[in-house]
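Biologist: I would like to learn how to read a protein model, one feature at a time. Could you walk me through this one?

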Amino acid sequence: MEHTEIKRKFGLKSKIFMGLTAVSVIAGAAYAQGRDPAYQAARDNGAVGEQTDGYLGMVGNQSSAIEAMVSKNRALRRQVYTRTAKAQGISVERAAFFGGCKNIERTVPGEKYQAPDGSWKTRGSGAPQLDPSCP
Amino acid sequence: MKYRKIEMGGKTLIRTKGLKWALTGVAAIYLSSCVNVAAPDEPIVINLNIRIEQEILIKQAKAVEEAIEENAGIF
């Protein structure tokens, strides 16, 4: 009798946990919606991907519109990395590298990212391949 | 094995030297079976720099992560 009660309690706990996880996933997806639709589309169809150096990269040859979009994005990211690097007293490259680790981690299944060997990979359901120097 | 025959009223007792030593050995093991911890001659050096460096690294990466989340539109 006691055993079944414990089992039921665990069942309820994990149900609450699953519910909370679902809520946070939905919240996370909503949070990520700050992207420009063209940028989001390029990510979704694998035209662009996350590089290990922290910047956006083109996967193969792309239209001049995408090229312009990537170039603008890279400049904006550089500003963010530069600010953080100054605040932390580290080089921009180092801050950008940490950014790359995070950006690759943040990719969702189907998006492209650069593996430590430099090749483009499509994010699967599992963890992405990160540089061994990532913290 | 060396042994000694002892004649006692028609009975013969055989005492071996080996058995004597073996019993002494067993007794010695039982008596000395406590753990001995000896301090090494050289001082023990624990390098804490690795941990501190790792903590700094995590702090820097965390700062970058926060900057990314604040500018989620371009990341």
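Biologist: Let me begin with burial. What share of the residues in chain A is buried?

Modeller: Please keep in mind that this model is predicted. A residue counts as buried when its relative accessible area is under 20%. In chain A, 32% of the 135 residues are buried. For chain B, with its 75 residues, the figure is 16%.

Biologist: And how much surface does each chain expose?

Modeller: Chain A exposes about 8400 Å², with 59% of that supplied by carbon and sulfur atoms. Chain B exposes about 6900 Å², and there carbon and sulfur atoms supply 61%.

Biologist: Next, the elements. In what order do the helices and strands of chain A come?

Modeller: Start at the N terminus and follow the chain: the order in chain A is α-α-β-β-α-α-β-β. That gives four helices and four strands. Chain B has two helices and two strands, and its pattern along the sequence is β-β-α-α.

Biologist: What part of the contacts in chain A comes from residues 24 or more positions apart?

Modeller: Take the contacts in chain A with a separation of 6 or more: 41% of them are between residues 24 or more positions apart.

Biologist: Now to helices. How do I read the length of one?

Modeller: You can compare the distance between its end C-alpha atoms with the span expected at 1.5 Å a residue. The 15 residues of α4(A) should span 21 Å, and the end C-alpha atoms are 20 Å apart, so the two values agree. Helix α2 of chain B, residues 49–70, has 22 residues and reaches 32 Å, close to the 32 Å expected.

Biologist: Why would residues three or four places apart in a helix point the same way?

Modeller: An α-helix has 3.6 residues a turn, so residues three or four places apart point the same way. With that in mind, look at α2(B): its buried residues are L57(B), Q60(B), A61(B), A63(B), V64(B), E65(B), A67(B) and I68(B).

Biologist: What do the buried residues of α2(B) pack against?

Modeller: They pack against α3 and α4 of chain A. You can see this from the other side too. T84(A) sits in helix α3 of chain A and touches A63(B), V64(B) and A67(B), leaving aside residues up to four places away in sequence. T84(A) has a relative accessible area of 9%, so it counts as buried.

Biologist: And which elements do the buried residues of α4(A) pack against?

Modeller: Their partners are β1, α3 and β3 of chain A, together with α2 of chain B. The buried residues of α4(A) include V92(A), A95(A), F98(A), C101(A) and I104(A).

Biologist: Let us try rings. How is a pair of aromatic rings described?

Modeller: By the distance of the centres and the angle of the planes. Over all chains, this structure has three aromatic pairs. In one of them, the ring centres of Y55(A) and Y81(A) are 5.4 Å apart and the planes stand at 90 degrees, so the pair is edge-to-face. Y55(A) lies in the loop between β1 and β2 of chain A and Y81(A) in helix α3, 26 residues apart, so the pair links distant parts of the chain. Both residues are buried.

Biologist: Which other rings should I look at?

Modeller: F97(A) and F98(A) form a tilted pair, 6.3 Å centre to centre and with 55 degrees between the planes. F98(A) has 4% relative accessibility and counts as buried. There is also one aromatic cluster formed by Y55(A), Y81(A) and F75(B).

Biologist: How many disulfides are there over all chains?

Modeller: There is one. The disulfide joins C101(A) to C134(A), with 2.0 Å from S to S. The angle about the S-S bond is -85 degrees, and the link is left-handed. C101(A) belongs to helix α4 and C134(A) to the segment after β4, 33 residues apart. Both cysteines are buried.

Biologist: One last residue, please: is Q51(A) buried or exposed?

Modeller: Q51(A) is buried, with a relative accessible area of 14%. Its place is in the loop between β1 and β2 of chain A. Leaving aside residues up to four places away in sequence, Q51(A) touches L56(A), G57(A), R74(A), G100(A), I104(A), Q114(A) and W120(A).

Terms used:
Residues numbered from 1 in each chain as written. Chains lettered and ligands numbered in written order. Predicted model: local features only at pLDDT ≥ 70, side-chain atom pairs only at ≥ 80, totals over all residues. Heavy atoms only, no water. Buried < 20%, exposed > 50% of the residue type's maximum accessible area, 1.4 Å probe, protein only. Contact = heavy atoms within 4.5 Å. Areas by Shrake-Rupley, 256 points an atom, 1.4 Å probe, with all protein chains shown as cover. Phe/Tyr/Trp six-rings, centres within 6.5 Å; stacked < 30°, edge-to-face > 60°. Disulfide = S-S within 2.5 Å. Expected span 1.5 Å × (residues − 1).
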